[in-house]
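This report describes selected features of one protein model. The sequence and structure are shown first, and the discussion follows under short headings.

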Amino acid sequence: MTVRRRAVTVVAAASLLLAGCASKTVSFTPAEGRALSAGSRAPARAGSCVYSPGEPSANGKDLGTPPATPKTGPATMRIATNLGTIEIALDGAKAPCATGSFAYLAERHFFDGSKCHRLTTEGIWVLQCGDPAGTGAGGPGYQFADENLGAPYKRGTVAMANAGPGTNGSQFFVNYKDNTQIPPSYTMLGTVTKGMEIVDQVAAGGIGAEDPGAGGGRPKTEITLQMLTVTYQ
């Protein structure tokens with residue numbers, strides 16, 4: 001598989017399936033990354049967040065939406081998994097809406113019991129999680145604007161999966177290698193500060209069931225998010 005800067009020449013590795021019936025995919029080619037989807041929304045005003053209707057909630061519940069005025073400042077996301085604990089330093093200053101959304105969903109146990117449903121091992125190197133349906137088709141029932149774009153997707157960084165501008169939901173990906181070819185179209189959420197060896201363990205296990213249409217597949221080494229919490233400092 002040939003990888004060019006910011007593009008993967010093989011279509012199967014050029015995108016990560018994000019959400020199903022609406023054909024929401026996260027594309028790692030510049031052209032697709034710029035494409036507006038039907039659900040795109042304009043960025044929120046400074047100091048406020050706009051959470052607009054998206055695909056129905058993956059857990060079948062009406063979760064409502066987070067507060068329009070989020071907290072700001074650093075926060076810690078702790079994910080207790082079947083393989084150990086992962087901690088992520090969230091950038092609540094540069095990505096307040098995304099951080100606030102995770103805190104809101106964590107309080108409602110949205111992620112608890114969900115599995116990381118996608119691993120990619122060629123062209124791009126990410127572990128994708130955040131869909132309780134486990135199909136790559138799930139979200140919280142709302143979406144919101146992009147934030148904190150432009151930072152490089154280096155090993156250990158965590159970013160939001162999306163289907164185009166303004167379609168952030170609940171799915172996120174952890175970069176387990178430097179992914180300099182990914183265009184800066186995905187909200188940088190934070191950085192793993194503990195438990196990166198767990199992600200490496202899952203990556204080393206490789207892919208089980210492949211999804212050639214979207215690239216990558218389900219990891220052979222199953223990882224379940226048993227409990228996810230967010231604490232502001």
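## Strand pairing

Through how many residues does a hairpin join strand 6 to strand 7? The hairpin connects the two strands through 2 residues. The model in which this connection appears is predicted. Strand 6 covers residues 75-81 and strand 7 covers residues 84-90; the two run antiparallel and are joined by 7 bridges. Within this pairing, R78 stands opposite E87 of strand 7.

Strand 7 also pairs with strand 14 (residues 188-194), again in an antiparallel arrangement, here through 4 bridges. E87 takes part in this pairing as well, with K194 as its bridge partner in strand 14. Thus E87 of strand 7 faces R78 and is also bridged to K194 of strand 14.

## Helix 2

Helix 2 comprises 12 residues, 96-107. At 1.5 Å a residue, a span of 16 Å is expected, and the end C-alpha atoms are 16 Å apart, in agreement with that value.

Of the 12 residues of helix 2, 11 are buried, so the helix is largely enclosed by the rest of the structure. Among these buried residues are P96, C97, F102, Y104 and L105; others include A98, T99, G100 and S101. Just after the helix, H109 adopts a positive phi of about 55 degrees.

## The disulfide of C49 and C97

The model contains 2 disulfides. A disulfide is a covalent bond between the sulfur atoms of two cysteines. One of them joins C49 to C97, with an S to S distance of 2.1 Å. The torsion about its S-S bond is -95 degrees, and the link is left-handed. C49 lies in the loop between helix 1 (30-34) and strand 5 (52-53), whereas C97 belongs to helix 2, so the pair ties together parts that are 48 residues apart in sequence.

Both ends of this link are buried: C49 has a relative accessible area of 5%, and C97 has one of 8%.

## The disulfide of C116 and C129

C116 and C129 form a disulfide in which the sulfur atoms are 2.0 Å apart. The pair links distant parts of the chain, 13 residues apart: C116 is in the loop between strand 8 (114-115) and strand 9 (118-119), and C129 is in strand 10 (residues 126-129). Because the torsion about the S-S bond is about 95 degrees, this disulfide is right-handed. C116 and C129 are both buried.

With bonded cysteines counted along the chain, the disulfides follow the pattern 1-2, 3-4.

Key: Residues are numbered from 1 along each chain as its sequence is written. This is a predicted model: local features need pLDDT of at least 70, side-chain atom pairs count only at pLDDT 80 or more; totals for chains, interfaces and linings use all residues. Side-chain values use heavy atoms; hydrogens and water are left out. The expected span of a helix is 1.5 Å times one less than its number of residues. Buried means under 20% relative accessible area, exposed over 50%, partly exposed in between (1.4 Å probe, protein chains only). Two strands pair if DSSP finds at least two bridges between them. A disulfide is a pair of cysteine sulfur atoms within 2.5 Å.
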